[in-house]
Amino acid sequence: VARHVACHSGSVLQSGACVASCSDGFFALTVTAGDESSAVCAPCNARCRSCDSASHCRVCHAGFALTEALSCVESCGGDEHLDAATQRCIRCRASRCQSCDVTGVCERCALSTLLHQQQCVERCPDGFFAEAGRCRKCRADCAQCAEFGSCQSCVSGLFLHAGGQCR
């Protein structure tokens with residue numbers, strides 16, 4: 001078997017042989033020496049099963065997930081979830097989400113925001129109050145409340161009485 005040091009245009013050098021394309025775990029890298037340039041197969045990052053360059057993976061080895069930045073990581077970031085079918089990290093659906101479930105639904109918001117109906121909001125809307133990083137529903141007779149048992153204003157037809165009670 002002849003061992004090559006450079007290949008003709010349209011082929012790449014891998015392990016001393018000219019091949020049409022690099023095998024999995026390698027990518028084509030153009031090498032220039034003087035006026036001559038040729039392509040050689042260079043190894044992907046150790047976590048990549050296939051890649052386009054040393055820093056951009058297409059598929060990760062088992063046990064790693066592919067990020068939007070095309071790198072392979074052991075676990076997705078807090079604002080991402082793992083799509084088990086594709087082994088890719090997918091951003092949570094809500095902006096300012098700190099963590100989400102496997103379907104992308106937000107479970108916890110970033111600091112200074114509150115979780116309301118799977119979205120992260122600056123403040124809770126009328127009829128809801130902030131508690132433990134989430135917007136909780138006020139009692140049915142409250143239009144606004146700061147906590148569940150004490151109304152700040154009442155729904156139409158009721159009036160606010162002492163102790164935050166609507167009648």
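This is a walk through a predicted model of one protein chain, from overall form down to single residues.

**Overall form**

Start with the secondary structure: the chain has 20 strands and zero helices. Its radius of gyration comes out at 29 Å, well over the 15 Å that the globule rule gives for 167 residues, so the chain is more spread out than a compact globule. The C-alpha trace tells a matching story along its principal axes, spanning about 95 × 30 × 20 Å. As for burial, 34% of the 167 residues count as buried. If you look at contacts with a sequence separation of 6 or more, residues 24 or more positions apart account for 12% of them.

**Nonpolar cores**

In soluble globular proteins, nonpolar side chains tend to be buried together. Which residues make up the largest nonpolar core here? There are 10 in all: Phe27, Ala42, Cys44, Cys48, Cys51, Cys57, Cys60, Phe64, Leu66 and Cys72. Two strands, E5 (48–51) and E6 (57–60), each supply at least two residues of this core. Apart from it lies another core, this one of eight residues, with Cys97, Cys100, Cys109 and Cys120 among them.

Leucine 66, one of the members of the largest core, is worth a click in your viewer. Leaving aside neighbours within four places in sequence, leucine 66 is in contact with Cys57, Arg58, Cys60, Ser71, Cys72, Gln87, Arg88 and Cys89. Of these partners, Cys57, Cys60 and Cys72 belong to the largest core too.

**Rings and charges**

If you go hunting for aromatic pairs, the whole structure gives zero. There is a charge over a ring, though: the charged end of lysine 137 sits over the ring of phenylalanine 128, 5.0 Å from its centre.

**Two hairpins**

Strand E9 (residues 80–83) and strand E10 (residues 88–91) run antiparallel and are joined by four bridges. Among the partners across this pair, glutamate 80 is matched with arginine 91, and histidine 81 with isoleucine 90. The hairpin of E9 and E10 has four residues between the strands, and glutamine 87 takes a positive phi near 55° there. Glutamine 87 also turns up in the contact list of leucine 66.

Further along, strand E17 (residues 142–147) pairs with strand E18 (residues 150–154), again antiparallel and with four bridges. The link between E17 and E18 is a hairpin through two residues. Cysteine 142 has cysteine 154 in E18 as its bridge partner.

**Positive phi in loops**

Serine 15 and serine 112 each have a positive phi in a residue other than glycine, near 50° for serine 15 and near 70° for serine 112. Serine 15 is found in the loop between E1 and strand E2 (17–19). Serine 112 lies in the loop between strand E12 (106–109) and strand E13 (114–116). Are they buried or exposed? Serine 15 counts as exposed because its relative accessibility is 63%, and serine 112 counts as exposed at 67%.

**A look at accessibility**

Here are four residues side by side.

| Residue | Relative accessibility | Class |
|---|---|---|
| Glutamine 14 | 13% | buried |
| Leucine 160 | 44% | partly exposed |
| Serine 15 | 63% | exposed |
| Serine 112 | 67% | exposed |

Glutamine 14 has its place in strand E1 (residues 12–14). Why does glutamine 14 count as buried? Its relative accessibility is 13%, and the cut-off for buried is under 20%. Which residues is glutamine 14 in contact with, leaving aside its neighbours within four places in sequence? They are Val19, Ser21, Cys22, Ser23, Phe26 and Cys41.

Leucine 160 sits in strand E19 (residues 160–161). With 44% relative accessibility, leucine 160 counts as partly exposed, since that class runs between the 20% and 50% limits. Not counting residues up to four places away in sequence, leucine 160 touches Cys151, Gln152, Ser153, Cys154, Gln165 and Cys166. Cys154 in that list is the bridge partner of cysteine 142 from the E17 and E18 pair. Finally, leucine 160 and aspartate 141 are 19 residues apart in sequence, with a C-alpha to C-alpha distance of 9.8 Å.

Methods
Residues numbered from 1 in each chain as written. Predicted model: local features only at pLDDT ≥ 70, side-chain atom pairs only at ≥ 80, totals over all residues. Heavy atoms only, no water. Buried < 20%, exposed > 50% of the residue type's maximum accessible area, 1.4 Å probe, protein only. Contact = heavy atoms within 4.5 Å. Core = buried A, V, L, I, M, F, W, Y, C linked by side-chain atoms within 4.5 Å. Phe/Tyr/Trp six-rings, centres within 6.5 Å; stacked < 30°, edge-to-face > 60°. Lys NZ or Arg CZ within 6 Å of the ring centre and 35° of its normal. Pairing = 2+ DSSP bridges. Rg over C-alpha atoms; globule rule 2.2 N^0.38 Å.
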